[in-house]
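Here is a short tour of one protein chain, from its overall build down to single side chains. Have the viewer open as you read.

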Amino acid sequence: DDRVFLFRGTQDRCYKPGSVENVQHLYSMFLEKPEAQIRMVNTVGYAHAFPRNKTKIPGKKHGYDGAGECLRWIYPGGIKPAVDFKRKNIYNYNQDEFMQAISGVGINGRGHLYIPDACSPPTKAAGANADATTALHKTKPCRLVILAAGCNGFGGWIENFAKYAESNDIVLLQPCVGGYVDPFRYPGAHEIKRGMLDVYGQLSRDYTMKSAPHM
């Protein structure tokens with residue numbers, strides 16, 4: 001029942017026509033009914049950028065809500081409208097403890113976590129509703145979305161997802177790449193050195209599998 005959302009702007013000069021379609025074919029190999037589980041959007045006039053409402057489509061007065069369209073496809077049961085996200089709900093965490101067995105593969109030392117109010121750990125409440133409030137927090141189910149990317153602080157396109165996360169009880173986990181890459185072990189990892197996730201197979205042949213360094 002996994003669902004996949006793919007996007008390529010028609011003015012993208014970085015990923016040539018057919019490249020994201022190749023990704024679609026790759027995902028198709030892992031899904032039972034790919035024609036029903038994959039949504040490919042390749043008709044919007046964007047260049048190589050994450051589609052956002054404030055980024056206008058050339059010749060039009062509006063943008064494309066990439067985060068919202070993605071989440072509405074991934075979670076077909078319904079997604080509430082976006083609201084303002086809260087900077088107090090952004091947390092940094094140490095990624096080093098997860099990388100003790102492997103190093104030099106471009107993983108940053110820290111990552112980001114966004115926990116909306118509804119998913120926050122219980123706090124001691126005052127008054128007659130204290131027990132009920134604590135019980136609500138303990139039983140509140142929240143969804144998890146993982147957004148692996150290079151990190152220059154929590155901002156940019158990630159904020160678009162945070163706006164939906166706050167109103168839809170979604171925890172955002174942002175494992176950050178952009179760390180040190182060993183030039184002797186990975187001399188051809190040019191995109192990884194630029195702070196990219198290894199979707200190119202530059203670190204290992206099993207880059208699509210759980211055994212890959214960035215997986």
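A word on burial before anything else: a residue is called buried under 20% relative accessible area, exposed over 50%, and partly exposed in between, using a 1.4 Å probe and protein chains only. What you're looking at is a predicted model, where local features need pLDDT of at least 70, side-chain atom pairs count only at pLDDT 80 or more, and totals for chains, interfaces and linings use all residues. Residues are numbered from 1 along each chain as its sequence is written, and side-chain values use heavy atoms, with hydrogens and water left out.

**The chain as a whole**

The secondary structure comes to 6 helices and 9 strands. Those are DSSP runs numbered from the N terminus, with helices being H or I of at least four residues and strands being E of at least two. The C-alpha trace spans about 60 × 45 × 35 Å along its principal axes. Of the 215 residues in the chain, 38% are buried. About 13,100 Å² is exposed, and carbon and sulfur atoms supply 54% of that; such areas come from the Shrake-Rupley method with a 1.4 Å probe, and for residues only the protein chains shown count as cover. As for contacts (heavy atoms within 4.5 Å), residues 24 or more positions apart account for 62% of those with a separation of 6 or more.

**Helix H3 and what it packs on**

Which residues of H3 are buried? They are Gly66, Ala67, Gly68, Cys70, Leu71 and Trp73. The buried residues of H3 pack against strand S1 (4-7), H2, strand S2 (38-41), strand S6 (143-146), H5 and S8.

**Charged pairs**

Side chains of opposite charge can pair when their charged atoms come close. Here a salt bridge is a side-chain nitrogen of Lys or Arg within 4 Å of a carboxyl oxygen of Asp or Glu, and a search of the whole structure finds 8 of them. Three are listed below.

| Salt bridge | N to O distance |
|---|---|
| Asp65 and Arg72 | 3.3 Å |
| Asp117 and Lys88 | 2.8 Å |
| Arg185 and Asp182 | 3.9 Å |

Take Asp65 and Arg72: Asp65 counts as buried at 13% relative accessibility, while Arg72 is partly exposed at 35%. In the pair of Asp117 and Lys88, the N and O atoms come to 2.8 Å. That pair links distant parts of the chain, with Asp117 in the loop between strand S5 (110-114) and helix H4 (130-139) and Lys88 in the loop between helix H3 (66-74) and strand S3 (90-94), 29 residues apart. Asp117 is partly exposed, with a relative accessible area of 26%, and Lys88 is exposed at 55%.

Then there's Arg185, partly exposed at 42% relative accessibility, and its partner Asp182, buried at 15%. Elsewhere, salt bridges that share partners join Arg39, Asp65, Glu69 and Arg72 into one network.

**Glu166, a buried charge**

Glu166 sits in helix H5 (residues 157-168). Which side chain of opposite charge is nearest to Glu166? It's Lys86, 4.4 Å away, and Glu166 is buried yet has no salt bridge. In that charge count, Lys and Arg are positive and Asp and Glu negative, with His and the chain ends not counted. The side chain of Glu166 does reach the backbone nitrogen of Asp117 at 3.1 Å. Leaving aside neighbours within four places in sequence, Glu166 is in contact with Val83, Asp84, Lys86, Asn89, Tyr114, Pro116 and Asp117.

**Asp169, just past H5**

Asp169 is in the loop between H5 and strand S8 (170-174). Asp169 is buried, with a relative accessible area of 17%, and has a positive phi of about 55° although it is not a glycine. The C-alpha atoms of Asp169 and Arg143 are separated by 6.5 Å, with their positions 26 residues apart along the chain.

**A nonpolar patch outside**

On the surface, Met29, Phe30 and Met209 form a nonpolar patch with about 370 Å² of accessible area together. Patches are made of residues with over 30% relative accessible area and no salt bridge, with like charges joined within 9 Å and nonpolar side chains (Val, Leu, Ile, Met, Phe, Trp, Tyr) within 5 Å. Phe30 lies in the loop between helix H1 (19-28) and helix H2 (34-37), and is exposed at 52% relative accessible area.

Definitions and conventions:
Polar contact = N/O pair within 3.5 Å; in protein donor to acceptor, adjacent residues only side chain to side chain.
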